[in-house]
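User: I'm new to reading structures and I get lost when I look at everything at once. Could you pick one part, look at it closely, and then walk me outward from there?

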Amino acid sequence: MEHKLQELKRRLLEIDNLEKAAAVLSWDQSTYMPPGGAEARGRQLATLARLAQEKFVDPAIGKLLDELQPYAESLPYDSTTASLVRVTRRKYEREVRVPPAFVGELFEHSAQAYQVWTEARPANDFARVQPLLEKTLEYSRRLADFFPGYEHIIDPLVDYADYSMKASTLKTLFADLRVELVPIVQAITSQPPADDSCLRKQFPHAAQLAISKEIVAQMGYDFQRGRLDLTHHPFETNFSVGDVRITTRVKENQLSECLYGVLHEGGHGMYEQGVRPELEGSPMGGGASAGLHESQSRLWENIVGRSRDFCEYAYPRLQAAFPEQLGEVPMETFYRAINRVERSLIRVDADEVTYNLHVMLRFDFEMALLEGSLAVRDLPEAWRERFKVDIGINPPDDRDGVLQDVHWYGGIIGGAFQGYTLGNVLGAAFFDQALKAHPEIPAEMRQGNFGTLRGWLVDNLYQHGSMFTAPELIERLTGGPIRIEPYLHYLRTKYGELYTL
Ligand code: ZN
């Protein structure tokens with residue numbers, strides 16, 4: 001058994017090495033690569049992805065898993081070995097259903113669609129990308145159909161990002177949330193908006209980066225095992241527990257984009273830096289789902305980073321970094337500015353109250369497209385209509401409408417968005433539990449001490465990587481399934497104090 005286990009680990013490590021080498025190439029592609037490198041880089045990434053996929057669906061892995069199964073079942077459920085066999089088997093059974101030729105075709109198609117989207121979006125030209133998006137929809141349907149027996153065609157696609165989440169559960173969860181959110185948005189936006197001019201002065205590039213680094217390091221992001229670079233669309237990536245990188249972008253006439261972008265990606269990064277090193281090099285060595293990952297970025301960015309307690313610590317430092325811009329601005333003004341709520345066009349810039357409405361409309365469109373009740377050519381019009389109803393404003397064009405997110409143009413249709421709202425909901429539920437265990441957390445945050453909170457998250461969530469599924473982890477952390485109440489309570493308390501609700 002020991003020999004077979006070592007053989008399985010050896011094979012998985014080799015696959016992980018290929019995947020992490022590809023991750024380094026993608027990181028470089030999005031940060032430092034000159035434009036001339038694009039074509040060759042696409043080829044190199046495709047080769048590595050194909051090699052990793054071939055090695056993973058090798059029948060020898062299936063045989064090892066079969067042979068190890070009785071042994072794994074004799075061990076405690078939460079032992080590393082039992083979990084390794086369980087988690088690898090789940091992934092293996094999913095991957096072997098999808099033919100490698102299909103994976104290659106999809107990969108090539110996505111690269112092409114992405115390329116065209118990067119030109120179609122600035123040109124506000126949906127028609128240009130429409131035929132490619134139609135093909136993406138076809139690929140997405142075919143991918144789902146490798147998993148017959150689903151309740152809803154989106155389920156197998158959601159499963160890739162948020163294991164075991166189904167359309168039926170999400171529809172109920174989103175509907176329950178929507179009923180509560182719409183009146184809150186209505187109440188807030190009928191009052192005068194917060195003045196956020198203090199965030200829109202001139203803030204020098206280098207000083208923004210320096211203060212963002214200082215603050216995220218204070219939160220616990222470890223620069224000995226990470227680094228911060230510039231990019232167009234910020235992201236976090238990791239090559240090992242010892243090398244977890246984050247990226248950001250800086251606008252000199254806007255303070256919050258860089259700072260809060262860094263706190264967001266820093267949250268993703270702290271999750272990855274907290275994974276137990278023994279899980280590295282296997283399918284367990286990383287965050288457990290899109291929703292759980294986003295719960296951590298949103299927790300550190302919003303629940304911590306946009307709280308009054310946090311401002312007590314951070315604002316004097318920001319004032320010291322920008323004495324001319326912020327020296328005379330009271331903390332309360334800054335606090336209200338970073339929590340300004342408004343009906344806006346762009347999802348990634350949306351505040352924490354309206355954000356979920358942006359997600360819900362995308363999720364509904366994904367379902368409608370996959371079901372066939374909405375055609376790709378009718379999507380821009382459907383987007384404009386629904387946006388007006390849900391968000392309350394008219395998108396002036398497709399560029400900041402249906403073309404704004406990369407997800408459908410660089411991947412598949414289905415499963416890309418629900419994780420953001422799950423993350424908002426879960427972040428609040430976890431923070432609630434951390435406060436119950438450690439009521440001293442807010443007072444510590446005012447002192448710039450985030451160790452107790454981070455320690456609780458490492459112990460209960462980060463260290464486990466993907467040993468457990470998201471539903472298992474949610475149960476372990478909160479004692480039950482996902483609930484929207486802690487999130488609604490958080491929003492009502494925070495915004496009820498800022499506005500009349
Ligand atoms: Zn994120």
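Analyst: Let's begin with a word we'll need: a residue is called buried when its relative accessible area is under 20%, exposed when it is over 50%, and partly exposed in between. Also keep in mind that this is a predicted model.

The part to look at is the zinc site. Three residues of the protein act as donors to the zinc ion: His-264 and His-268, each through NE2, and Glu-294 through OE. They lie 2.1 to 2.4 Å from the ion. If you follow the chain, the spacing of these donors reads H-x3-H-x25-E. His-264 belongs to helix 10 (residues 256–273) while Glu-294 belongs to helix 11 (residues 290–304), so this pair ties together parts that are 30 residues apart in sequence.

Are these donors buried or exposed? His-264 has 12% relative accessibility, so it counts as buried. Glu-294 comes out at 7%, so it is buried too.

Now follow helix 10 outward, to a sheet. The sheet is open, has three strands in the order 1-3-2, and its pairing is mixed. Strand 1 (228–230) and strand 2 sit at the edges with a single partner strand each, so each has one side without a neighbour in the sheet. From one strand to the next, the twist averages 30 degrees. Helix 10 packs on this sheet and touches strand 1, strand 2 and strand 3, and its direction makes about 165 degrees with that of strand 3.

What does "mixed" look like here? Take the pairs one by one. Strand 1 and strand 3 run in the parallel sense and share three bridges, and there Asp-229 stands opposite Thr-247 of strand 3. Strand 2 (residues 236–240) and strand 3 (residues 243–248) pair in the antiparallel sense, over four bridges. In that pairing, Asn-238 has Val-244 of strand 3 as its bridge partner. A hairpin of two residues leads from strand 2 into strand 3. Strand 2 is an edge strand, and yet it is mostly covered, with four of its five residues buried. It also helps to know that in a regular strand the side chains alternate between the two faces of the sheet.

Back to helix 10 for a moment: its stretch, residues 256–273, includes Glu-257, whose side chain meets that of Arg-249 in a salt bridge with N and O 2.6 Å apart. Glu-257 has 15% relative accessibility, so it counts as buried, whereas Arg-249, at 27%, counts as partly exposed.

That salt bridge has plenty of company, since the count for the model comes to 42. For a long-range example, try Arg-317 and Glu-214, whose closest N and O atoms are 4.0 Å apart. Arg-317 is in helix 12 (residues 308–321) and Glu-214 in helix 9 (residues 205–219), so the two tie together parts 103 residues apart in sequence. Both are partly exposed, Arg-317 at 36% and Glu-214 at 40%.

For a local example, Glu-332 and Arg-336 form a salt bridge with N and O 3.2 Å apart at the closest. They both lie in helix 14 (residues 331–338), four residues apart, or about one turn of the helix.

Technical notes. Residues are numbered from 1 along each chain as its sequence is written. This is a predicted model: local features need pLDDT of at least 70, side-chain atom pairs count only at pLDDT 80 or more; totals for chains, interfaces and linings use all residues. Side-chain values use heavy atoms; hydrogens and water are left out. Buried means under 20% relative accessible area, exposed over 50%, partly exposed in between (1.4 Å probe, protein chains only). Two strands pair if DSSP finds at least two bridges between them. Donors are N, O and S atoms within 2.8 Å of the metal (3.2 Å for Na, K and Ca); water is not among the atoms, so sites may look incomplete. Axes are lines fitted to C-alpha atoms, for helices over the stretch in contact, and angles run from 0 to 180 degrees between N-to-C directions. Contact means heavy atoms within 4.5 Å.
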